[in-house]
Amino acid sequence: MTPLRKVAANLHLPRKGTPSGGLSYLIVGLGNPGPRYARNRHNVGFQSLDHLAAACGIDLNKTRFKALFGEGQIAGQRVMLAKPLTFMNDSGQAVGALS
């Protein structure tokens, strides 16, 4: 089992009810878009989210609300993983729209 899969399997954060749409969690990886910033240390949020998505079999294949996102399950909880397509300083636009 990969380290990220172990982390995902141990998500036990209690929630009372779920937001509309039945999602339990919105997990956002922050970074700056574009190839210029792809390997930048400030994009560790994007890189971590990519690894988590791969470990959990969640495809980041939808684009809406200024974000690239995918939905799936982690530890039996319905989740959305998202990477804002805005620069970090404007990521609240995408996160607000997705939440």
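Okay, let's start with a hairpin: in the one formed by β2 and β3, which residue takes a positive phi? That would be Phe65, with a phi near 55°, in a hairpin that has two residues between the strands. Keep that turn in mind, since we'll come back to the hairpins in a minute.

Before going further, a word on what we're looking at. This is a predicted model, so let me say where I'd trust it. The average pLDDT for the protein is 84, and 79% of the residues score at least 70. Confidence peaks in helix α2, with a mean of 95, and bottoms out in helix α1, residues 3-9, with a mean of 58. Then there's the stretch 13-20, where pLDDT stays under 50 and the model has six contacts beyond four places in sequence. Where pLDDT is low, the predicted coordinates should not be read in detail. I'll leave that part alone and talk about the rest.

Now, the overall layout. We have three helices and four strands, and going along the sequence the pattern reads α-β-α-β-β-β-α. What is the order of the strands in the sheet? It goes β1-β4-β3-β2, in an open sheet with mixed pairing. At the edges sit β1, residues 25-28, and β2, each of them pairing on one side only. Neighbouring strands in this sheet are turned against each other by 35° on average, direction ignored.

Let's walk across it from the β2 side. Strand β2, residues 62-64, runs antiparallel to β3, residues 67-74, and three bridges join the two. If you want a landmark there, Thr63 stands opposite Leu68. The turn between these strands is the one I opened with, the one with Phe65.

Next step, β3 to β4. Strand β4 covers residues 77-84, and eight bridges tie it to β3, again antiparallel. You can follow the register on screen: Gln73 has Arg78 as its bridge partner, and Ile74 has Gln77. These two strands also make a hairpin with two residues between them, and in this turn Ala75 has a positive phi of about 50°.

And the last step, β4 to β1. Here the pairing is parallel, over four bridges. Leu26 is bridged to Met80 in β4, and Ile27 stands opposite Leu81.

So what lies on the sheet? Helix α2, residues 44-56, lies across β1, β3 and β4, and runs at about 145° to β4. Helix α3, residues 91-98, packs on the sheet too, touching β1, β3 and β4, with its direction at about 155° to that of β4.

That brings me to the strand I'd zoom in on. Why do we call β4 largely enclosed by the rest of the structure? Because six of its eight residues are buried, taking buried as under 20% relative accessible area. For the protein as a whole, 31% of the 99 residues count as buried.

Okay, the cores. The largest nonpolar core has ten residues: Tyr25, Leu49, Leu52, Ala53, Cys56, Ile58, Leu60, Ile74, Val79 and Leu81. Both α2 and β4 put at least two residues into this core, and the largest share, four residues, comes from α2. If you click on Leu81, you'll find a long list of contacts outside its sequence neighbourhood, including Leu49, Leu52 and Ala53, along with Ile58, Leu60, Phe69 and Ile74. There's also a second, separate core of seven residues, among them Ala67, Ala82, Ala94 and Leu98.

One more spot, away from the strands. His42 is in the loop between β1 and α2. Is His42 buried or partly exposed? Partly exposed, at a relative accessible area of 42%. Leaving out residues up to four places away in sequence, His42 touches Leu30, Gly31 and Met88. With Gly31, the C-alpha to C-alpha distance is 6.1 Å, although the two are eleven residues apart in sequence.

Last couple of numbers, for the whole protein. Take the contacts between residues at least 6 apart in sequence: 47% of them join residues at least 24 apart. The exposed surface comes to about 6,300 Å², with carbon and sulfur atoms supplying 54% of it.

That's what I have, so over to you.

How values were computed: Residues numbered from 1 in each chain as written. Predicted model: local features only at pLDDT ≥ 70, side-chain atom pairs only at ≥ 80, totals over all residues. Heavy atoms only, no water. Pairing = 2+ DSSP bridges. Buried < 20%, exposed > 50% of the residue type's maximum accessible area, 1.4 Å probe, protein only. Contact = heavy atoms within 4.5 Å. Areas by Shrake-Rupley, 256 points an atom, 1.4 Å probe, with all protein chains shown as cover. Axes fitted to C-alpha atoms, helices over the stretch in contact; angles between N-to-C directions. pLDDT = per-residue confidence, 0-100. Core = buried A, V, L, I, M, F, W, Y, C linked by side-chain atoms within 4.5 Å.
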